[in-house]
2 protein chains.
Amino acid sequence: MNIGTAAEKSGLPAKTIRYYEDIGLVRPDRAGNGYRHYSTGDVHRLRFVQRARSLGFSVGECRQLLSLYDDRARESMEVKTIAKAKLAEIDCKIAELAGLRDVLAHLVANCHGDHRPDCPIIDELSGEAATG
Amino acid sequence: MNIGTAAEKSGLPAKTIRYYEDIGLVRPDRAGNGYRHYSTGDVHRLRFVQRARSLGFSVGECRQLLSLYDDRARESMEVKTIAKAKLAEIDCKIAELAGLRDVLAHLVANCHGDHRPDCPIIDELSGEAATG
DNA sequence: TTCAAACCTTCCAGTAACTGGAGATTTGGC
DNA sequence: GCCAAATCTCCAGTTACTGGAAGGTTTGAA
């Protein structure tokens, strides 16, 4: 498929997809006319990157994640080690998101839509959680 | 406290803290000698931003989140509406992270540290999850 | 008091990861 | 063949930092 379709299916703008090719994240075939040609596998990779980027992983980290994703068959001890580190990282992110969620949820629950002084819960939450 | 201490306590480099002042995210007092002076409240804001940024929220979104965090007492209907939208966004991010986590967990679980052909589970997962 | 180390200041340049736009080419419908 | 839409390349601009120069301030030892 062409880049437009790949963009649609991956949720990434065509511009970004070309950029990802520039930096070597996804390497599509080229048709005779010079147009990029994406396989469904390419689209999966793109979607994978889209997800990881939107969750705060750097492009470098995405590259690592992709290499895990790609090279799952060879040298898997090394792959497994990196995967485990990434798993821990993701768990940490999930915990932090949950913390952030709590802050907002308390905010929504405690400020009743009228004028109120302030919510000590929020202060407390902002002081706690996620020091490391 | 001075910027160095604020940096240490917030988990942000001093450079970044100065940048956040430039763009108006955190406005510390100034001492007579021109040094920035941070309150514990300032540090809470900084930590809040640090968390949100590391979780994939843009600076603009952080600004919104901070305004929720700040203005919890005035015009709270509007605040509440934005807070709810952000809550939904965060829930979505949590779900996506959980998806990513599954991909890696399957990878770790299924590639046993020796040479194996490939894991159809991964293919399947990459095809599913997080289309919206 | 003087000096160095460690802090702080501003400013400017560089990097990462896009993002928008110009200008040329290709495709597909009329 | 014509034209709009999609694609191409290339280059410039934006966002969110990040590093470094050049200099002022504070602290503590000699």
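What is the mean pLDDT of chain A, and what percentage of its residues reach 70 or more?

## Model confidence

This is a predicted model. The mean pLDDT of chain A is 78, and 74% of its residues reach 70 or more. Two stretches of chain A fall lower. Residues 113–117 of chain A have pLDDT below 50, with 11 contacts in the model beyond near neighbours in sequence. Residues 120–132 of chain A are also below 50, and that stretch has 26 such contacts. Where pLDDT is low, the predicted coordinates should not be read in detail.

## Around DNA strand C

DNA strand C is surrounded by 18 residues. The closest come from both chains: Lys15(A), Tyr20(A) and Asn33(A), with Gly4(B) and Arg36(B). By class, the residues of this surface are six nonpolar, six polar and six charged. On the DNA side, 69% of the strand C atoms within 4 Å of the protein belong to sugar or phosphate. The rest belong to bases.

Phosphate oxygens of strand C have partners in both chains. A polar side-chain atom of Arg53(A) lies 2.9 Å from one phosphate oxygen. For Arg30(B), a polar side-chain atom is 3.3 Å from a phosphate oxygen of the strand. Ile3(B) uses its backbone: an N or O atom there lies 3.3 Å from a phosphate oxygen of strand C. The elements giving two or more residues to this surface are helix 2 (14–22) of chain A, and helix 1 (3–10) and helix 2 (14–22) of chain B. Helix 2 of chain A gives the most, with four residues.

## Around DNA strand D

Around DNA strand D there are 19 residues. Those that come nearest are Arg36(A), Lys15(B), Tyr20(B), Asn33(B) and Tyr35(B). The surface divides into seven nonpolar, six polar and six charged residues. Of the strand D atoms within 4 Å of the protein, 67% are sugar or phosphate, and the rest belong to bases.

One pair reaches a base. An N or O atom in the side chain of Tyr35(B) is 2.9 Å from a base nitrogen of strand D. Others reach the phosphates. The side chain of Arg18(A) places an N or O atom 3.0 Å from a phosphate oxygen of strand D. A backbone N or O atom of Val59(B) lies 3.2 Å from a phosphate oxygen of the strand. Helix 1 and helix 2 of chain A and helix 2 of chain B each supply at least two residues of this surface. Helix 2 of chain B has the largest share, four residues.

## Helix packing in chain A

Two packed helices are described by the angle between their axes and the distance between the axes. In chain A, helix 1 (residues 3–10) packs on helix 2 at an angle of about 100°, with axes 9 Å apart. Angles of 65 to 115 degrees count as roughly perpendicular, so helix 1 of chain A is roughly perpendicular to helix 2 of chain A.

Helix 1 of chain A brings Ile3(A), Ala6(A), Ala7(A) and Ser10(A) to the contact, and helix 2 of chain A brings Ala14(A), Ile17(A) and Arg18(A). These residues divide into five nonpolar, one polar and one charged.

## Helix packing in chain B

The axes of helix 1 and helix 2 of chain B come within 9 Å and cross at roughly 100°. The two helices of chain B are therefore roughly perpendicular to each other.

Ile3(B), Ala6(B), Ala7(B) and Ser10(B) of helix 1 meet Ala14(B), Ile17(B) and Arg18(B) of helix 2. This chain B contact has five nonpolar, one polar and one charged residues.

How values were computed
Residues numbered from 1 in each chain as written. Chains lettered and ligands numbered in written order. Predicted model: local features only at pLDDT ≥ 70, side-chain atom pairs only at ≥ 80, totals over all residues. Heavy atoms only, no water. Near = heavy atom within 4 Å. Polar contact = N/O pair within 3.5 Å; in protein donor to acceptor, adjacent residues only side chain to side chain. Nonpolar A, V, L, I, M, F, W, Y, C, P; charged D, E, K, R; others polar. Axes fitted to C-alpha atoms, helices over the stretch in contact; angles between N-to-C directions. Parallel < 35°, antiparallel > 145°, perpendicular 65-115°, else oblique. Contact = heavy atoms within 4.5 Å. pLDDT = per-residue confidence, 0-100.
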